[in-house]
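These are my notes from a first look through a structure that is new to me. I set down each item as I looked it up.

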Amino acid sequence: MCHERNILPRLIELQVVNNRPSAETHSSSDHADVHRQLNDPGNSPRVVFSGAYTWRRRRPSTLVVACSDGRLQKSIDEFLEQKLGVVDYDRLYAPGGPGCLGIGTFDIRTDQLKRELKFLIEAHQIEEIVLLFHGAGPGGPSDSVCAHYKRLLPDASVSEIERQQHEDALEALKIIARLVPQIPVLVYRAEVHGDGTVRFVDLRSS
Ligand SMILES: [Zn+2]
């Protein structure tokens with residue numbers, strides 16, 4: 001991996017920041033103030049909306065692992081429905097999506113995300129997994145690059161981040177194959193182009 005030397009000091013810095021004890025202290029009056037922000041659980045809460053959709057007993061069989069970036073949500077839904085025929089799907093969303101499954105990113109969330117992935121596959125009887133990376137396509141705006149990768153690789157070019165995503169995709173495939181070798185895994189990257197269109201490329205060779 002071409003950026004190991006750059007990533008590690010940055011991650012150590014992030015962990016130090018995340019583990020720093022909070023300067024705030026919470027008194028019992030603070031606690032009471034927080035409680036007053038919610039209705040008492042003994043009282044029936046006020047209904048504020050009743051939806052047109054009904055709950056579906058049958059679980060979706062597809063799990064999508066993608067980045068939390070909401071700017072892509074409608075494009076992802078469009079792609080899943082029109083290309084893959086997937087309308088309902090379970091979601092495992094986190095910054096960077098499948099990029100933080102692999103150890104290649106040295107991400108401190110890796111183990112947790114793996115545990116959640118395993119849990120969802122088993123508890124929700126998942127039969128297919130879609131790994132979805134995202135970033136800038138050729139001529140795409142720089143702010144369409146995945147923020148997770150910008151955080152880990154602040155000095156990397158768009159093409160270097162794309163190469164890192166390929167490495168992370170390989171790592172994610174290995175991890176999933178060890179967890180659930182029988183489940184098919186699709187791997188795509190959503191690329192934002194200069195005109196704002198989003199194109200999905202298949203990262204699998206076959
Ligand atoms: Zn992202």
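Entry 1. I began with Gln125 and asked whether it is buried or exposed. I counted 11 other C-beta atoms within 10 Å of Gln125. Because the limit for an exposed residue is 12 or fewer, I entered Gln125 as exposed. I note here that the model is a predicted one.

Entry 2. I then looked up where Gln125 sits, and found it in the loop between α4 and β3 (128-136). Its phi is positive, about 50°, although Gln125 is not a glycine. I add for context that most residues other than glycine have a negative phi.

Entry 3. I turned to helix α4, which Gln125 follows. Helix α4 covers residues 110-123, which is 14 residues. At 1.5 Å a residue I expected a span of 20 Å, and the C-alpha atoms at the ends of α4 are 20 Å apart, so the two values agree.

Entry 4. I next examined Thr62, whose place is in strand β1. Is Thr62 buried or exposed? I found 21 C-beta neighbours inside 10 Å of Thr62. A residue is buried at 20 or more, and Thr62 therefore counts as buried.

Entry 5. I looked up which residues Thr62 touches, leaving aside its neighbours within four places in sequence. Its contacts are Val86, Tyr89, Glu128 and Val130. I also checked Thr62 against Glu127: the two are 65 residues apart along the chain, yet their C-alpha atoms are separated by 6.1 Å.

Entry 6. I followed strand β1 (residues 62-66) to its pairing with strand β2 (residues 90-93). The two strands run in the parallel sense, and four bridges join them. Within this pairing I found Val64 opposite Arg91 of β2. What do β1, helix α3 (residues 73-84) and β2 make together? I recorded a β-α-β unit, and its hand is right.

Entry 7. I ended with the protein as a whole. I counted six helices and five strands. Read along the sequence, they follow the pattern α-α-β-α-β-α-β-α-α-β-β. The protein has 206 residues, of which 27% are buried, Thr62 among them. Of the contacts with a separation of 6 or more, I noted that 74% are between residues 24 or more positions apart.

Key: Residues are numbered from 1 along each chain as its sequence is written. This is a predicted model: local features need pLDDT of at least 70, side-chain atom pairs count only at pLDDT 80 or more; totals for chains, interfaces and linings use all residues. The expected span of a helix is 1.5 Å times one less than its number of residues. Two strands pair if DSSP finds at least two bridges between them. A crossover is right-handed if, with the strands pointing away from the viewer, the path from the first strand over the helix to the second runs clockwise. Two residues are in contact if their C-beta atoms, placed from the backbone, lie within 7 Å.
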